[in-house]
Structure formats: C-alpha cells, structure tokens
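Please look over the sequence and the structure shown here before reading the briefing.

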Amino acid sequence: MPEVRFYHLTQLPLERALPVMLEKTLERGQRAVIRGGNSERLEFLNTHLWTYGDGTFLPHGSADDGHGAHQPIWLTTGDDMPNGAKTLFLVDGGSAELPEMQGIDLTAILFDGHDPAAVEAARDQWRAVTGAGIAAVYWAQEGGRWVKKHESAG
C-alpha cells in the first residue's frame, strides 16, 4: 500500500537529513529518486552526496551521468524514474501527481519549516493526498529526532 511521509525540517537542513534517509533506503535494498524543483539546488545535492561524510558517499547519478537504470539513487527535476525506484523523495519544490504517488511504495516530502511558502505547499499536498485516500504520516523534528505527529490511514 502506498504511503506519503511529510518531513517538516526545522532543526536539520535538507543536506543533513536527506543522506541519512537515503542510507536507510539503500540498507533496505531499495532504490530511490530525488526529485527537486530546480536544477541548481539539485546539482548542489549531487555534489553533496559524494562528500557529505568522512569516508562515506551515496552512489547516485543524474541525466548528466547517464546509466539511469544502474543508479541506486537518481536525481532529477523531471518525472523520470529510470532506476525502477519504489521510493521518491520530493525536495525543494519537487512535485508528483497523485496517480504517481499511488503507484510507488513511498513518497517522502521534505520541506523547510522556516519557509512559510514551503509549509503552506506541504499543507496543500497533505490535503490532496489524504483527500485521495492515500495513507499519510506527518513527521516533525524534535531534539534531533523524528517524531510522528499525525497519521492518516488513507
């Protein structure tokens, strides 16, 4: 059953929270797509995923790199998912239509809690997702941890 998770970033920025989530996705043997709203920010994340931690990196690629079917993590501003991912991360204004969310296992929407426009957009997405009967969970950062705040069975 598909699920949409909303991650309200208030303590850690995206560039610190996202790599941890991606590591867990890969540990489960899954592939992911990161869909962003603008190419400049996505290029920053592309570089960041190679260097975010000492002695560690996340294998990934984008259209510039090619070989999409072989990339464990794919970065894009479009609706392409060439690696067969069942996990979609929407960041920095990246979007997905409801039918697409219903066709994959997990959509994670990460939004900046200090940006009123991003918070309002997430609220609109929550209403659309739950209105379509898709299971949704809202997570907030508290004391450096993720805490489940609200859940909709869908």
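What follows is a short briefing on a predicted model, moving from the sheet to one of its strands, then to a glycine in that strand and to a helix that lies across the sheet.

**The sheet**
- Eight strands make up an open sheet with mixed pairing, and their order across the sheet is S3-S4-S2-S5-S6-S1-S7-S8; the edge strands, each pairing on one side only, are S3 and S8, the latter covering residues 145–152.
- Strand S1 (residues 3–9) and strand S7 (residues 135–142) run parallel and are joined by six bridges, with Phe6 standing opposite Tyr138 of S7.
- As general background, the strands of a sheet pair through backbone hydrogen bonds, in either a parallel or an antiparallel sense.

**Strand S2 and its neighbours**
- Strand S2 pairs with S4 in the parallel sense over four bridges, and in this pairing the bridge partner of Arg35 is Thr76 in S4.
- Strand S2 also pairs with S5 in the parallel sense, here over five bridges, and Ile34 has Phe89 in S5 as its bridge partner.
- In a regular strand the side chains alternate between the two faces of the sheet.
- Both faces of S2 are covered, with Ala32, Ile34 and Gly36 buried on one side and Val33 and Arg35 buried on the other, so that five of the five residues of S2 are buried, taking under 20% relative accessible area as the cut-off.

**Gly36**
- Gly36 lies in strand S2 and counts as buried because its relative accessibility is 5%.
- Leaving aside residues up to four places away in sequence, Gly36 touches Leu42, Thr76, Thr77, Val91, Asp92 and Gly94.
- Although Gly36 and Leu75 are 39 residues apart along the chain, their C-alpha atoms are separated by 7.7 Å.

**Helix H2**
- Helix H2 (residues 39–51) has 13 residues and reaches 19 Å from its first C-alpha to its last, which is close to the 18 Å expected at 1.5 Å a residue.
- At the start of H2, a side-chain oxygen of Asn38 comes to within 3.3 Å of the backbone nitrogen of Glu40.
- H2 lies across S2, S3, S4 and S5, and runs at about 155° to S4.
- The residues Leu42, Leu45, Asn46, His48 and Leu49 of H2 are buried, and what covers the buried residues of this helix includes helix H1 (14–27) together with strands S2 (32–36), S3 (61–62), S4 (73–76) and S5 (87–91).
- An α-helix has 3.6 residues a turn, so residues three or four places apart point the same way.

Conventions. Residues numbered from 1 in each chain as written. Predicted model: local features only at pLDDT ≥ 70, side-chain atom pairs only at ≥ 80, totals over all residues. Heavy atoms only, no water. Helix = DSSP H or I, 4+ residues; strand = E, 2+ residues; numbered from the N terminus. Expected span 1.5 Å × (residues − 1). Buried < 20%, exposed > 50% of the residue type's maximum accessible area, 1.4 Å probe, protein only. Contact = heavy atoms within 4.5 Å. Polar contact = N/O pair within 3.5 Å; in protein donor to acceptor, adjacent residues only side chain to side chain. Pairing = 2+ DSSP bridges. Axes fitted to C-alpha atoms, helices over the stretch in contact; angles between N-to-C directions.
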